[in-house]
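Student: Could you take me through one part of this structure closely? I'd like to look at the sheet, what packs on it, and the charged pairs around it.

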Amino acid sequence: MKKSLLIEYSVFTPKTSRLNEGVEGNKNMVVEGVVQRAEEFNHNGRTYPYDVLKKEVDKYIDGPIAENRALGELDHPESAVINLKNASHNIKELYWDGNDLMGKIEVLPTPSGNILKELFKNNITVGISSRGMGSVTPLGEGRVEVEDDFELLCWDFVSTPSTHGAFMKPTGLNEGKKHTSNKYSKLNEIISDIICTQSGICCLK
């Protein structure tokens, strides 16, 4: 059966203490939470058997994570290639909690990583998305099961996941601040400020 690109979304709720380490100290920001779930149908109608996902996670731990190259991008492309110029984070650890796959993710001081960090610091909601290649078996009623030829590629942070609730919502940061501006205006303002700082090219507001 021909493989296709499979992109999935999972709920990711970071631990506030881990977020604050990167904000208050000199270390890079680290977020920790659920990155994917096995044995559960998502809104795309796909389910990943635990054994299928665990096999690829074990390979990912022994390969990219062990070699410190478990990179992902900010906003996933419709491609199986991970573009280094868009890298925003590096996964440091993966472990299981039942059918929940947990991850510790370091936000990198790259252009995309700086944008991601500022989004977290300003309580902007983002989601997390897995990328992989594989084939599926129809189960009926629009549902499919991912086959054992699945190959895990990476996890990306995204702006608008298709799965309900597949967002990462940092809590505890900037508590007490009142946000009166539109969330999209705030997002554009943050990104513009970062581009201005890094390139010296600023847009008039």
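Tutor: Happy to! Let's begin with a term we need: two strands count as paired if DSSP finds at least two bridges between them. Keep in mind, too, that this is a predicted model.

With that in hand, look at β4 and β5: they run antiparallel and are joined by three bridges. One of the residues to find here is E73, whose bridge partner in β5 is A87. E73 also takes part in a network of salt bridges that links it with R131 and D156.

Now widen the view to the sheet itself. Four strands make up an open sheet in the order β2-β6-β5-β4, and their pairing is antiparallel. The edges are taken by β2 and β4 (71-73); each has a single partner strand, so one side of each has no neighbour in the sheet. From one strand to the next, the twist averages 40°. As general background, strands of a sheet pair through backbone hydrogen bonds, in either a parallel or an antiparallel way.

Next come the helices. Helix α2 packs on the sheet and touches β2, β4, β5 and β6, its direction making about 130° with that of β5. Helix α3 packs on the sheet as well, touching β2, β5 and β6, and its direction makes about 60° with that of β5. Within α3 (residues 111-121), the buried residues are S112, G113, N114, I115, L116, L119 and F120. After α3 comes N123, which has a positive phi, near 60°.

Let's go back to the edge strand β2 (residues 30-37), where you will find Q36. The side chain of Q36 makes a polar contact of 3.3 Å with the side chain of S130. Is Q36 buried or exposed? Its relative accessible area is 2%, and buried means under 20%, so Q36 is buried.

That leaves the charged pairs. In general, side chains of opposite charge can pair when their charged atoms come close. How many salt bridges does the structure hold? There are nine, and a few of them are worth a look alongside the sheet.

Start with K92 and E106, which form a salt bridge whose closest N and O atoms are 3.9 Å apart. K92 sits in strand β5 (residues 87-97) and E106 in strand β6 (residues 100-107), so this pair ties together parts that are 14 residues apart in sequence. K92 is partly exposed, with a relative accessible area of 41%, whereas E106, at 17% relative accessibility, counts as buried.

In helix α2, you can find a salt bridge between E56 and K59, with the closest N and O atoms 3.2 Å apart. Why do these two suit a view along the helix? They are three residues apart in α2 (residues 50-65), which means that about one helical turn separates them. E56 counts as buried, at 4% relative accessibility.

Finally, turn to R69 and E67, whose side chains meet in a salt bridge of 2.4 Å, N to O. Both ends have some exposure here: R69 is partly exposed at a relative accessible area of 45%, and E67 is partly exposed at 49% relative accessibility.

Definitions and conventions: Residues are numbered from 1 along each chain as its sequence is written. This is a predicted model: local features need pLDDT of at least 70, side-chain atom pairs count only at pLDDT 80 or more; totals for chains, interfaces and linings use all residues. Side-chain values use heavy atoms; hydrogens and water are left out. Buried means under 20% relative accessible area, exposed over 50%, partly exposed in between (1.4 Å probe, protein chains only). A polar contact is a pair of N or O atoms within 3.5 Å; within protein, one must be able to donate a hydrogen and the other to accept it, and residues adjacent in sequence count only if both atoms are side-chain atoms. A salt bridge is a side-chain nitrogen of Lys or Arg within 4 Å of a carboxyl oxygen of Asp or Glu. Axes are lines fitted to C-alpha atoms, for helices over the stretch in contact, and angles run from 0 to 180 degrees between N-to-C directions. Contact means heavy atoms within 4.5 Å.
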